[in-house]
Structures are given as structure tokens and as C-alpha cells.
Amino acid sequence: MESSDIMKKLFLTIASAILMCSANMLSAQSLEISHLAGSNTIVHISADRQAEYLMLPIEETARETSVKVICNNDLVRHLNIRLAINKVDYYVPMILDEWKGREIKLLTHSSMDRSTVRDAENELCWSKMYLAESFDSSNKEKFRPEYHHTPAYGWMNDPNGMFWKDGEWHLYYQYGPYGSMWNNLSWGHSVSRDLIHWEFRPDAIKPDALGYIFSGSCVVDEKNTAGFGAGAVIAIYTSAGEVQAQSLAYSLDGGNTFIKYEGNPILTSGIVDFRDPNMFWNDEIGKWNLILACGQEMRIYTSDNLIEWKEESRFGLGYGCHDGVWECPDLFKLPVEGSDEEKWVLFCNINPGGPAGGSATQYFIGDFDGYRFKVDDTARYMDGNALWQDYGKDHYAAVSFSGAPDGRHTMIAWMSNWDYANNVPTRQFRSANTIARDPFIYKVEGKYYLGSRPAPEYAGAGLDKVLKVNGSCKVTLSNAKGEEFVIAYDQRGKTLSCDRSRSGLTDFSERFNEIATAPVHRKLTSLRIFVDKCSVEVFGNDGEVCLTSLVFPSSPLTSFSVTRY
């Protein structure tokens, strides 16, 4: 190397060091940390900061630290964050934009026992916390799906508040931005025009004094029944604090930002599990309906204005599976394929109690007059009997988009299971949603069943593989390392099953390897299979039978083989 090259390299090294030093000095001027007695620490962030983000170091095995965000001596946010003690697993950003130009303080209280201030000084988070002008949210995960919706970072569970308007699918979801484990729930927000590519938007509804923002629904109030303006987007959601109650917010900009109703909560109860309101306009009675999960039953309400609700009836006692809490309801009418009939379907997500263990979505088919739901065949649902929308292990909290085009009731579910959702082997994000599906009703030997067909937006996108089936067979998806996912159809036994016990990483939960098996109500003639980086979704007869499974192979499952027997 010539001397000029050596000098140039030395100059660049020194310049880089100076820039790093300057950045650290700026950070030091803007970030001051004071350790107090009683396991408390104050982080001072100056008003003249240039940074957009406070980068928080996370250690997933650490205990949660209580973090109170204080601005002008007012408590503006209360969070629980697993701040790093011994090692940094990853960083998450705290967005500072809403307090721009104002000094803020983080008052933290550690659940760790500190005998002296020195104990606090030894905790890694204080030296690793820093201010930044940008945050890189580009994908760093080998298991992040290519065409399934995921959050950019952080935790996600139930989809909620979904609606379609002006060619856009609005998807809200239970979102915890301060780590990849359940906590600090707000409504995250993503938008798509094709159900495949998603644009991330800022959180739509954030926690407040009434609690975290749990699941709910949105409608477009075209007739201005609520009085917030024609075309306003109305959200009703569960405020989850010391108690669970229903609150309302409205949006005048198409669902991007929401204003919380001053009269919240609008609906209360004396029971503990009181959540997940799902509302819709019912032309048959000229009123709004709302269905709400209440412990082990669903309650049905009516309203003229989306604010004042009257309880009309209850459904659930003695019907279906009651092995867990009933959650995330939905209720709508569908045509019966091949006939002029129409039937109503009531969806009830339950955890635990699913057919493969843990979380799942059961359904009831019947009739609804706007005030009371009645199943069409009482015997099918008695004595704990249940029908399931998807018999796989990873399909939960399925709900539909309000106002979907062409009279559709397009649904999306959370693609995970509470048996292991906090422990799947991803860090930058946890979890994904299923592909969108259009439910339908079909009839076999006088009995009604629900199917779920992949949404037509996926047709021709090259995301699926369709196999013709003629008798019992085994389909094996595999990779070069010998990892495999096995789909087996038993024609005589009338079952379709999925086995992922040798599909890659499985040791994070003893409940992950359980084989999922679905009944097949009429002879299987085709399998449609969607494979992504961390999932396999199987549709028999284009949705008459469905099984959804997470997988975590060391390399993609790109090989297919079929064995007939």
C-alpha cells in the first residue's frame, strides 16, 4: 500500500472517530440518567434534542420495568418494558415526535431488588440506551414472511377494526411496539390495495387512563348516525385496565387518526371477561347490531347511533366448546353454495380448547332476526361438540373486514397460538396473520358446513401450489437438510392431517409438535397449499377443509413429493 493510501485511510479513521465522538457528546447532552433509591431511575431527555427516537435495549428474559413517560409534569404514557440487564437481544424505538420541542422524563421502576444505586449502575440498559435520528426497520429475520402481513417490529396478536374503503383494506391489530412479547397494547395500522403488499402507518389508537386498547371493530358511518359526520370511521374497542369496558373513537381522515369520544366508556358490565365488540349495520331491522364476548357467552345488542346500546339476547349456554374463554366474535349472513338459501354464521374464538390444542375459531350456523341468534341444528353443538373454521394449530381471532367489496365477508386470522406465541424463534417481530379468506357455506347430507376459500387476490400471484388428489396420499414438503412438513389424506378415515414434528425448530415448546387433524366431509379432490418463510396453509377442495401451521425450517421448504397409498 502506498503512503498516500495509508494517510487517506488514517484520515478516514480519525474522521470517523471524531464523528462518533460528536454523536456521543450530542447524546450525552440530550440524555441524562439519574439513579434514585427504591429501584427508581429517571432518564431526562432535553427539549433541544435533534433525535426522533430513543433506542431502548431489550432483553427478553429480563423482568418487566415500569416506565412512566412524563411531559410538563403530566403522565402521558405508562409502559412495561423488558429493559436489558445482562445482554441486549435487540433494540426497539420510542418515537419522540409527539413531544417535539418539550423536555420529557422517563421515570422507571425496576422489579429487580436493588440494595444500592451501584446495583442500578451495573444494569446494561443505561449505558446502551441512546438517541437516534433514524431507525432501521428493514427485515433482519430469516422467518419473516414474504406475502403475509406482519408488523414492522414488535409484538402483534389479534387483527381487529378491519374495514374496506376507497379501494384500500385497512387492517388494525393488537400491537406492542416495545418488545416482541405481549404488552403495551395499542391498535397498530397497516393498509393494502391487494391483500399481499402492506404499508405500515402510525399507531391508530393508543392506551389511555382507561387501559390498554384491546380488540374491537370499525364501520364507515355513511348516514352519520353517530353525529360525527357522514362517512366518519367509527371504532368501538375494549378499554382494558382494572376492568374491561367498551369505548368509542372516530376518525375524520379515513381511519389514519382517531379522536376518542369524551363520554367513554359507552358500555360497561359487572363481569371480568367483557370484550371484543363487533358491530355491523343490519338492513333487515334498520339498526346497528353489536356482538360482544362475555365470559362463556355472546351478548347481542342494537343501537340507532353507535353510542347507546340495548342488550337484546345472549347466546352460548350449552352450545359448542367451553374449555376456554370466548373471544373475538363475528356474525354475518352467507349464501349456501348450490342453492337459494342463506344462513347466518356466528364465529367464536376460544382459548384454550381448540381441536389441535390451545387457540382456535369455532362457528355456529343458524338464523338471526336482528335480535336473537338460533342455531339450525341444536344437536350438532350440544355436549361440547364444536365445528371449527380451521383445524390447524395456528389460526385464531378470525374476524372479517367491514364493507368488503362485492358483498364479500373477507376474513383474516392471527397466525399463532397462545400455547407458544411469546416463544416462537423470531426477535425483530412476533407474529404474522394468515392469508385473507372468503368464507362460504356448503351442504353435505343435509348438514351445513363453513368453508374458507383463499381470497381471489391471490389467484395468479404464484404463491400457491395446487395438487389433484385421487385417493389416500401423503404430500411431503422438504428442504435439502431433510426437514419436512407432511400432509396426509386418509380417504377411508375421512381425515386430513398435518405433521410438523420434523419441520425445523420445534423445541421452543412441547406443545408445538402435536399433529393437527381435520375431518373431511366429502371426498377430497384437490389440495391448495400456500408456503411462506414460516407457515404452511392447506386448503382441501379449495377451502372446504383448512389447516394452518407455523413452521421454522433452517432453509425454505421448496421440494414437493407425493406418495399414494
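What share of the 565 residues of the protein count as buried? The share is 56%. This is a predicted model, and every value here is computed from it.

Start with the overall build. The protein has four helices and 40 strands. Its radius of gyration is 26 Å, and the globule rule gives 24 Å for 565 residues. The two values are close, so the protein is as compact as a globular protein of that length. Its C-alpha atoms fill a box of roughly 80 × 60 × 45 Å along the principal axes. The contacts tell us about the chain's path. Take those between residues at least 6 apart in sequence: 61% of them join residues at least 24 apart.

Now look for empty space. Rolling a probe the size of a water molecule over the atoms shows where such space is left. The largest pocket has a volume of about 820 Å³. Its lining is made of 37 residues. Nearest the centre of this pocket lie Phe280, Trp281, Ser402, Gly403 and His409. Five elements give two or more residues to the lining: β9 (154-165), β13 (212-221), β17 (274-282), β21 (325-335) and β26 (396-400). Which strand gives the most to the lining of the largest pocket? That strand is β13, with six residues. By type, the lining of the largest pocket holds 15 nonpolar, twelve polar and ten charged residues.

Move on to the second largest pocket. Its volume is about 570 Å³. This pocket is lined by 28 residues. Ile95, Tyr153, Tyr175, Pro202 and Asp203 are the ones nearest its centre. The elements giving two or more residues to this lining are β5 (74-81), β6 (90-95), β10 (168-176), β11 (186-192) and β12 (199-205). The largest share comes from β12, which supplies four residues. In the lining of the second largest pocket, 17 residues are nonpolar, five are polar and six are charged.

Some space is closed off. How many cavities of 30 Å³ or more does the structure hold? It holds six. The largest cavity contains about 100 Å³ of space. Its lining consists of 15 residues. Nearest the centre of the largest cavity are Asn80, Arg82, Tyr178, Gly179 and Met181. The lining of this cavity divides into seven nonpolar, six polar and two charged residues.

Next, the cysteines. A disulfide needs two cysteine sulfur atoms within 2.5 Å. By this rule the structure has zero disulfides. Cys218 is in no disulfide, and the nearest cysteine sulfur, that of Cys328, is 14 Å away. Cys218 is buried, with a relative accessible area of 1%. Why does Cys348 form no bond with Cys321? The closest cysteine sulfur to that of Cys348 is in Cys321, and it is 8.5 Å away, so it is too far for a bond. Cys348 is also buried, with a relative accessible area of 0%.

Finally, turn to the backbone. Most residues other than glycine have a negative phi, and most peptide bonds are trans. Some places here depart from that pattern. Which residues does the cis peptide bond with an omega of about -5° join? It joins Asn264 and Pro265. Pro265 sits in the loop between β16 (259-260) and β17. Another cis peptide bond links Asn351 and Pro352, with an omega of about -10°. Pro352 is in the loop between β22 (342-351) and β23 (360-368).

Phi has its exceptions too. Asn72 is not a glycine, but its phi is positive, near 55°. This residue is in the loop between β4 (65-71) and β5. Is Asn72 buried or exposed? Asn72 has a relative accessible area of 52%, and exposed means over 50%, so Asn72 counts as exposed. Cys328 also has a positive phi, about 40°, although it is not a glycine. You met Cys328 above, as the cysteine whose sulfur is nearest to that of Cys218. Cys328 has its place in strand β21, and β21 is one of the elements that help line the largest pocket. Its relative accessible area is 3%, and buried means under 20%, so Cys328 counts as buried.

Methods. Residues numbered from 1 in each chain as written. Predicted model: local features only at pLDDT ≥ 70, side-chain atom pairs only at ≥ 80, totals over all residues. Heavy atoms only, no water. 1 Å grid on protein atoms, 1.4 Å probe; cavity = no way out; pocket = protein on both sides within 12 Å on 5 of 7 lines; lining within 4 Å. Points joined across faces, edges and corners; volume = space filled by probe spheres on them. Nonpolar A, V, L, I, M, F, W, Y, C, P; charged D, E, K, R; others polar. Buried < 20%, exposed > 50% of the residue type's maximum accessible area, 1.4 Å probe, protein only. Rg over C-alpha atoms; globule rule 2.2 N^0.38 Å. Contact = heavy atoms within 4.5 Å.
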